[in-house]
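User: I would like a close look at one part of this model, namely the sheet together with the helices and the nonpolar packing that surround it. Please take me through it in one connected account.

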Amino acid sequence: MKPVIERILTGIPELDAVLRGGLIRQRVHLFEGRPGTGKTTLGLRYLIYGASVGDSCLYLTLSESKEELEATAASHGWSLDGIVIDEIMPVPPDANASQTILLPTDTELSALVARIADRIAHSGADRVVIDSMVEVRLLARDSAHYRRQIIDLRQRLGQLNATVILLDDLTADGREYELQSAVHGVLTLEQIERSFG
């Protein structure tokens, strides 16, 4: 007997058609692309639709401020009512610490991953967007360290009821870190300029 795969709609009909009914429920999905390809817009649409059908929604931002996200939504004529926006600083500010040129430690990345997982667990959210994995990657000393932490995050999230989208920038052709192999599904966005406009 085949296992039943539950899917949830993203709220973008064309994308849901390509995905054969939406994203697989309670999994971690990656939306990646160069800056400007629409990752944040897709993440917001996913949550706006979720809020409209009664799902609890959480947008965890590690880069943009709440005000910036609200401005993005307003530029599309969207309301973020029913969506919790939570700003998480990659490295918590320490009033006693001075600036340093030392590399981040293992504990900083582990602590950030734990804070993300704890915040999602405490929220009880059904739908979550984490923006952006670039901030997480910057704390990793190497690709193996980063991948281990992402797998740890995926395992922690697997114990929750959330369907999670990670947003990640493709800023270089040479990919040092392989986030794709540590998640359940990947959607790569491209922006193609056409000769006619």
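Analyst: In this predicted model, six strands make up an open sheet whose order is β5-β4-β6-β7-β3-β8, with parallel pairing. The edges are formed by β5 (83–87) and β8 (185–189), each of which pairs on one side only. Ignoring direction, neighbouring strands of this sheet are turned against each other by 20 degrees on average.

The pairing can be followed from β6 through β7 to β3 and on to β8. β6 and β7 run parallel and are joined by five bridges, and in this part of the sheet D131 has L167 in β7 as its bridge partner. β7 is also joined to β3, again in parallel, by six bridges, with L30 standing opposite L166 in β7. β3 in turn pairs with the edge strand β8 in the parallel sense over five bridges, and here E32 stands opposite T188 in β8. As for exposure, β7 is mostly covered, since six of its seven residues are buried. In a regular strand, side chains alternate between the two faces of the sheet.

Two of the helices that lie across the sheet can be described by the strands they contact. Helix α2 (residues 39–52) lies across β3, β4, β5, β6, β7 and β8, and it runs at about 160 degrees to β6. Its 14 residues reach 20 Å from the first C-alpha to the last, which is close to the 20 Å expected at 1.5 Å a residue. The buried residues in α2 are K39, T40, L42, G43, L44, Y46, L47 and G50, and just after this helix G54 takes a positive phi of about 90 degrees. Helix α3 (residues 66–75), by contrast, lies across β4 and β5 and runs at about 140 degrees to β5.

The nonpolar packing takes in strands and helices together. The largest nonpolar core has 30 residues, and those touching the most other members are I116, I120, I130, V136 and L166. At least two residues of this core come from each of β3 (28–33), β4 (57–61), α4 (106–123), β6 (127–131), α5 (133–137), α6 and β7 (163–169), and the largest share, six residues, is supplied by α4. A second, separate core has 21 residues, among them Y46, I85, V129 and L189. Returning to I130, and leaving aside residues up to four places away in sequence, this residue touches L60, L62, I116, I120, V164, I165, L166 and L167.

Helix α6 can be examined through one of its residues, I150, which is placed in this helix (residues 143–158). I150 counts as buried because its relative accessibility is 3%, below the 20% cut-off. Beyond residues up to four places away in sequence, I150 touches M133, V136, L179 and A182. The C-alpha atoms of I150 and S181 are separated by 9.9 Å, although these residues are 31 residues apart along the chain. The buried residues of α6 are H145, Y146, Q149, I150, I151, L153 and L157. At the start of the helix, a side-chain oxygen of D142 reaches to within 3.2 Å of the backbone nitrogen of A144. The 16 residues of α6 should span 22 Å at 1.5 Å a residue, and the end C-alpha atoms are 22 Å apart, so the two values agree.

Definitions and conventions. Residues are numbered from 1 along each chain as its sequence is written. This is a predicted model: local features need pLDDT of at least 70, side-chain atom pairs count only at pLDDT 80 or more; totals for chains, interfaces and linings use all residues. Side-chain values use heavy atoms; hydrogens and water are left out. Helices (H or I, at least four residues) and strands (E, at least two) are DSSP runs, numbered from the N terminus. Buried means under 20% relative accessible area, exposed over 50%, partly exposed in between (1.4 Å probe, protein chains only). Contact means heavy atoms within 4.5 Å. A nonpolar core is a set of buried Ala, Val, Leu, Ile, Met, Phe, Trp, Tyr and Cys residues joined through side-chain atoms within 4.5 Å. Two strands pair if DSSP finds at least two bridges between them. Axes are lines fitted to C-alpha atoms, for helices over the stretch in contact, and angles run from 0 to 180 degrees between N-to-C directions. The expected span of a helix is 1.5 Å times one less than its number of residues. A polar contact is a pair of N or O atoms within 3.5 Å; within protein, one must be able to donate a hydrogen and the other to accept it, and residues adjacent in sequence count only if both atoms are side-chain atoms.
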